[in-house]
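Student: Could you take me through one part of this model in close detail, and then place that part within the chain as a whole? I would like the aromatic side chains to be the focus.

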Amino acid sequence: MNPFLLSVPELENKARAVRRHIISLNANSPAGGHTGADLSQVELLTALYFRVLDCAANRQDDEERDIYIQSKGHAVGCYYCVLAEAGYFPVEWLATYQHANSHLPGHPVKQKTPGIELNTGALGHGFPVAVGLALAAKRSNSKRRIFLITGDGELAEGSNWEAAMVAAHYKLDNLVIINDKNGLQLAGATKDIMCTDPLDEKWRAFGMEVTECEGNDMASVVNALENLPQTGKPNVIIAHTTKGAGVSFIAGKPEWHHRVPKGDEIGLAMSELNDLIEEGMKSE
């Protein structure tokens with residue numbers, strides 16, 4: 001069972017805190033960051049770690065814990081912020097992101113950071129490993145589930161579709177693939193660089209059960225995660241998100257794939273996020 005089990009309003013508040021961490025973490029990084037991708041998946045990771053996943057900071061050696069894999073490893077900033085909020089390591093570590101000798105490098109590294117399950121960064125590697133973990137769990141009669149987040153740009157990597165065929169062949173219904181579909185990648189719009197639409201039809205053709213949600217709307221995310229079809233097939237959630245969600249001058253801008261806030265941008269972003277926090281408190 002998840003140790004937090006936060007309500008949707010509580011999850012929304014947690015997501016606001018995560019976004020503030022993301023701005024500070026990236027602004028303080030000496031080696032850049034991926035601000036847009038980090039902000040894109042806040043609701044997805046917050047819902048997983050504070051409501052859905054059967055895992056906890058004090059159960060990192062538990063062989064029955066659920067496993068989460070950050071396949072789009074460049075969006076590790078959000079991952080770190082969520083892990084810190086969930087107690088896997090001190091929040092103070094976030095200020096050391098990408099500094100020399102930090103526990104928080106620019107991509108996930110299991111040997112350096114508590115809570116990281118797999119070293120990722122080269123796109124297309126997370127999904128195949130998740131399939132192997134799900135198959136191993138099936139064959140050992142484990143009840144654990146395997147979750148991962150992929151980017152829509154990442155789906156141009158053929159290894160993902162090989163993994164999808166394997167997952168469907170072995171009926172890995174303990175596997176949940178969350179597709180962060182924000183429509184942007186490094187150099188522009190995914191539809192212009194390597195169009196993967198219609199994604200729902202592609203996933204179904206590869207033998208998956210498909211659910212869609214609004215990936216930056218917490219209630220929609222929670223509903224999708226908690227009401228997955230039980231059909232004996234692997235589940236895919238296509239989460240329609242906005243890259244840079246939550247900060248007006250970052251949202252939907254491809255140049256923020258590998259940009260970090262600087263100068264006045266830091267204060268402007270924090271001001272917007274503080275306004276969101278105040279609005280959230282008033283609505284409670």
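**Aromatic rings and their setting**

Tutor: In this predicted model, R259 lies over the face of W256, at 4.1 Å from the ring centre. That is a charge placed over a ring, and the ring-to-ring pairs can be taken up next. A pair of aromatic rings is described by the distance of the centres and the angle of the planes. With ring centres required to lie within 6.5 Å, the count comes to eleven aromatic pairs. One of these is formed by Y49 and Y68, whose ring centres are 5.9 Å apart and whose planes make an angle of 80°, an edge-to-face arrangement. This pair links distant parts of the chain, since Y49 belongs to helix α3 (residues 42–52) and Y68 to strand β1 (residues 67–70), with the two positions 19 residues apart in numbering. Both Y49 and Y68 are buried, and ring pairs connect these two tyrosines with Y79 and Y88, so that Y49, Y68, Y79 and Y88 make up a cluster.

A residue from another strand gives a second view of the interior. T150 is found in strand β2, which covers residues 146–151. With a relative accessible area of 0%, T150 falls under the 20% cut-off and is therefore buried. If neighbours within four places in sequence are left aside, T150 is in contact with S71, K72, L155, I177, I178, N179 and D180.

Turning to the whole chain, there are ten helices and seven strands, and buried residues make up 52% of the 284 residues. Of the contacts between residues at least 6 apart in sequence, 77% join residues at least 24 apart. A compact globule of 284 residues would have a radius of gyration near 19 Å, and because the protein chain has 18 Å, the two values agree. The C-alpha trace spans about 50 × 45 × 40 Å along its principal axes, while the accessible surface comes to about 12000 Å², with 52% of it belonging to carbon and sulfur atoms.

Finally, an unreviewed UniProt entry places the feature "domain: Transketolase N-terminal" at residues 28–267. Over residues 28–267 the chain is 32% helix and 14% strand, and the C-alpha atoms at the two ends of this stretch are 13 Å apart.

Conventions. Residues numbered from 1 in each chain as written. Predicted model: local features only at pLDDT ≥ 70, side-chain atom pairs only at ≥ 80, totals over all residues. Heavy atoms only, no water. Helix = DSSP H or I, 4+ residues; strand = E, 2+ residues; numbered from the N terminus. Buried < 20%, exposed > 50% of the residue type's maximum accessible area, 1.4 Å probe, protein only. Contact = heavy atoms within 4.5 Å. Phe/Tyr/Trp six-rings, centres within 6.5 Å; stacked < 30°, edge-to-face > 60°. Lys NZ or Arg CZ within 6 Å of the ring centre and 35° of its normal. UniProt positions renumbered as here; feature names shortened; annotations may be inferred. Rg over C-alpha atoms; globule rule 2.2 N^0.38 Å. Areas by Shrake-Rupley, 256 points an atom, 1.4 Å probe, with all protein chains shown as cover.
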